[in-house]
Amino acid sequence: MKNPTALDRVDRRLLRLLQADGRLTIAELARQVHLTATPCLERIKRLERDGYIRGYSAELEPALLGAGLIAFVQIQLDRTTPDVFNRFRERIATLDPVQECHMVAGGFDYLLKVRVADMTNYRRFLEDLAALPGIEQTHTYVVMEELKSSRAITIPD
């Protein structure tokens, strides 16, 4: 990954604009950063090539798509060995309700963010999760109200 300080003012502005609205046209982006279309497009391609831009997507409404319930799940493994970590990593990637999975330091090993339709579906998910090898214990925290949800990255000036 490149050093963020290697980005100039125009690069950072392009990243902010695209992060806010990935559907902006090259012409609109160029206008907002005071470039013509060709150099603007070249900068965006460089930012993609250098890994600053990982991709583009649409933000969907989870409740309308049967994924209105959020739960955070702490997972403690029975052993912390490379083979157990690798098996867990491979298997957790196959569970569609898992939106995020983070290995953490502290009193447990992984923290999951899970989205499902309701508690009945969460119960089914939990059964699938419990079937994974190496899991010793889980603790679930069901979200009652989502106050802030953002994928935005703060881009330094």
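In the predicted model, helices α1 and α3 pack with their axes 11 Å apart and at an angle of about 80°. Because angles of 65 to 115 degrees count as roughly perpendicular, α1 is described as roughly perpendicular to α3. On the α1 side the contact is formed by V10, D11, L14, L15 and L18, which meet C40, R43, I44, R46 and L47 of α3. Helix α1 spans residues 9–20, and α3 spans residues 37–49.

Helix α3 also packs against α2, which covers residues 26–33. The axes of α2 and α3 come within 9 Å and cross at roughly 100°. That angle makes α2 roughly perpendicular to α3. I26, L29, A30 and V33 of α2 make the contact with A37, C40, L41 and I44 of α3. C40 and I44 are thus among the α3 residues listed for the contact with α2, and both are also listed for the contact with α1.

The loop between α2 and α3 contains H34. This residue has a positive phi of about 65°, although H34 is not a glycine. H34 has a relative accessible area of 70% and is therefore classed as exposed. The loop between α1 and α2 holds G22, which is partly exposed, with a relative accessible area of 40%. G22 and T138 are separated by 116 residues in sequence, and their C-alpha atoms lie 37 Å apart in space.

A search of the whole structure gives 9 salt bridges. One of the pairs is R46 and D11, whose side chains meet with an N to O distance of 2.8 Å. This pair connects distant parts of the chain, with R46 in helix α3 and D11 in helix α1, 35 residues apart. Both residues also appear among those that bring α1 and α3 into contact. The two partners differ in accessibility class: D11 is buried, at a relative accessible area of 2%, whereas R46 is partly exposed, at 25%. The values fall in separate classes because buried means under 20% relative accessible area. R46 and D11 belong to a network of salt bridges that also includes D8 and R43. R43, in turn, is one of the α3 residues in the contact with α1.

Helix α1 takes part in a further salt bridge, between R16 and D157, with the closest N and O atoms 2.9 Å apart. D157 lies in the segment after β4 (135–142), and R16 lies in helix α1, so that the pair links distant parts of the chain, 141 residues apart. D157 is exposed, with a relative accessible area of 79%, while R16 is partly exposed, at 28%. Another salt bridge joins the side chains of R79 and D83, at 3.6 Å from N to O. In this pair R79 is partly exposed, at 40% relative accessibility, and D83 is likewise partly exposed, at 39%.

I92 is placed in helix α4, which comprises residues 82–92. At 7% relative accessibility, I92 counts as buried, since the cut-off for that class is under 20%. When residues up to four places away in sequence are not counted, I92 touches V98, C101, L112, L129 and L132. For one of these contacts, that with L112, the separation along the chain is 20 residues and the C-alpha atoms are 9.5 Å apart.

A nonpolar patch is present on the surface, made by L60, L64 and L65 and covering about 380 Å². L64 is located in the loop between α3 and β1, the latter comprising residues 69–77. L64 counts as exposed because its relative accessibility is 73%, and the class requires over 50%. The two hydrophobic residues described thus lie in opposite classes, with L64 exposed and I92 buried.

Notes:
Residues numbered from 1 in each chain as written. Heavy atoms only, no water. Patch = residues over 30% accessible without salt bridge, like charges linked within 9 Å, V, L, I, M, F, W, Y side chains within 5 Å. Areas by Shrake-Rupley, 256 points an atom, 1.4 Å probe, with all protein chains shown as cover. Salt bridge = Lys/Arg side-chain N within 4 Å of Asp/Glu carboxyl O. Helix = DSSP H or I, 4+ residues; strand = E, 2+ residues; numbered from the N terminus. Buried < 20%, exposed > 50% of the residue type's maximum accessible area, 1.4 Å probe, protein only. Axes fitted to C-alpha atoms, helices over the stretch in contact; angles between N-to-C directions. Parallel < 35°, antiparallel > 145°, perpendicular 65-115°, else oblique. Contact = heavy atoms within 4.5 Å.
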